[in-house]
Amino acid sequence: MCAFDQARYVASVGSLSQLPAEGPPEIAFCGRSNVGKSSAINALTGRRRLAFTSKTPGRTQTINFFDIGEGVRLADLPGYGFARVPQSVRAQWDRLVGGYLSGRANLAALVIIMDARRPFTEHDVRMLDWAQPLDRPVLVLLSKADKLGKRERAAAFAAARASLEARALRAEVRLFSSVTREGIEDLRALLAGWADAWNARRGNKKAPGKGE
């Protein structure tokens, strides 16, 4: 399994020309602004400040890369769904994120983080629609599950599965909390399995843990 606790920062890029050379499988994380994406990455890697948050929605407009050992890399995509930013910023997001997702050959999987209390917003559904043609595994991660009671968590999980089925969208669903650490080990196992499957399909051996 990937050594998530060995995660280290690699680079931040603001244009497609700056992307690191393709090599190890990459697992991309995306979600609405302030949905808890950075907190999820920090909890996943057991680090307090590996991924940084911004108090201003739409402020972070770079893709941040982190090596997590065993030749696997995380890509932290800028948040979407922000309303109070110039159209030019949204256009930059479309170029950067759209270009990355559609053109990155070593993209192994996509994690779409949603607030368990308010999932499947218009922007979330748009991202899911965007992800389908990529033919990569997709995970809907219902974050902030600690804000819900036991019955509410079960209902949120069931509703998410039903929403995907109703829209004919292919994705896994997991409940997650960076506060209580609910779902962390399951998430690690799932992502490690997807990275191993990506390597196996391409006949790759695991790369050294310190990146490419």
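This tour moves from the whole chain to its cores, then to a helix pair and three single residues.

**Conventions.** The model is predicted: local features require pLDDT of at least 70, side-chain atom pairs count only at pLDDT 80 or more, and totals for chains, interfaces and linings use all residues. Residues are numbered from 1 along each chain as its sequence is written, and side-chain values use heavy atoms, with hydrogens and water left out.

**Whole chain.** Select the protein chain and colour it by secondary structure. Five helices and seven strands appear, where helices (H or I, at least four residues) and strands (E, at least two) are DSSP runs numbered from the N terminus. Their order from the N terminus is β-β-α-β-β-α-β-α-β-α-β-α. The chain has 212 residues, of which 49% count as buried; buried denotes under 20% relative accessible area, exposed over 50%, and partly exposed the range in between (1.4 Å probe, protein chains only). About 10,200 Å² is exposed, with carbon and sulfur atoms supplying 49% of it; the areas come from the Shrake-Rupley method with a 1.4 Å probe, and for residues only the protein chains shown count as cover. Of the contacts (heavy atoms within 4.5 Å) with a separation of 6 or more, 75% join residues 24 or more positions apart.

**The largest core.** Next, select Ile63, Leu77, Tyr100, Leu101, Ile112, Leu128 and Leu142, the residues with the most contacts inside the largest nonpolar core, which has 36 residues. Such a core is a set of buried Ala, Val, Leu, Ile, Met, Phe, Trp, Tyr and Cys residues joined through side-chain atoms within 4.5 Å. Among the elements that each supply at least two residues of this core are β3 (63-67), α2 (87-103), β5 (107-115) and α3 (122-131). Helix α2 gives the largest share, five residues.

Centre on Leu77. Apart from neighbours within four places in sequence, Leu77 touches Ala28, Phe29, Cys30, Lys37, Thr62, Ile63, Val97, Tyr100 and Leu101. A second, separate core of 26 residues includes Ala40, Ala43, Leu44 and Leu190.

**Helices α1 and α5.** Now display residues 37-45 (α1) and 184-202 (α5), which pack at about 85 degrees with axes 10 Å apart. Axes are lines fitted to C-alpha atoms, for helices over the stretch in contact, and angles run from 0 to 180 degrees between N-to-C directions. The two helices are therefore roughly perpendicular, the class for angles of 65 to 115 degrees. At the contact, Ala43, Leu44 and Thr45 of α1 meet Ile184, Leu187, Arg188 and Leu191 of α5.

Which residues of α1 are buried? They are Lys37, Ser38, Ala40, Ile41, Asn42, Ala43, Leu44 and Thr45, eight of the nine in the helix. These buried residues pack against β2, β4 (73-76), β5 and α5. Gly46 follows α1 and has a positive phi near 70 degrees.

Select Arg188, within α5. Is Arg188 buried or exposed? Arg188 is buried, at a relative accessible area of 13%. Its C-alpha atom is 7.0 Å from that of Leu44, although the two are 144 residues apart along the chain.

**Two positive phi values.** Most residues other than glycine have a negative phi. Select Lys144, in the loop between β6 and α4: its phi is positive, near 60 degrees, and Lys144 is partly exposed at 26% relative accessibility. Finish at Ala168, in the loop between α4 and β7. Ala168 has a positive phi of about 55 degrees and is exposed, with a relative accessible area of 64%.

Note on methods. Angles under 35 degrees count as roughly parallel, over 145 as roughly antiparallel, 65 to 115 as roughly perpendicular and the rest as oblique.
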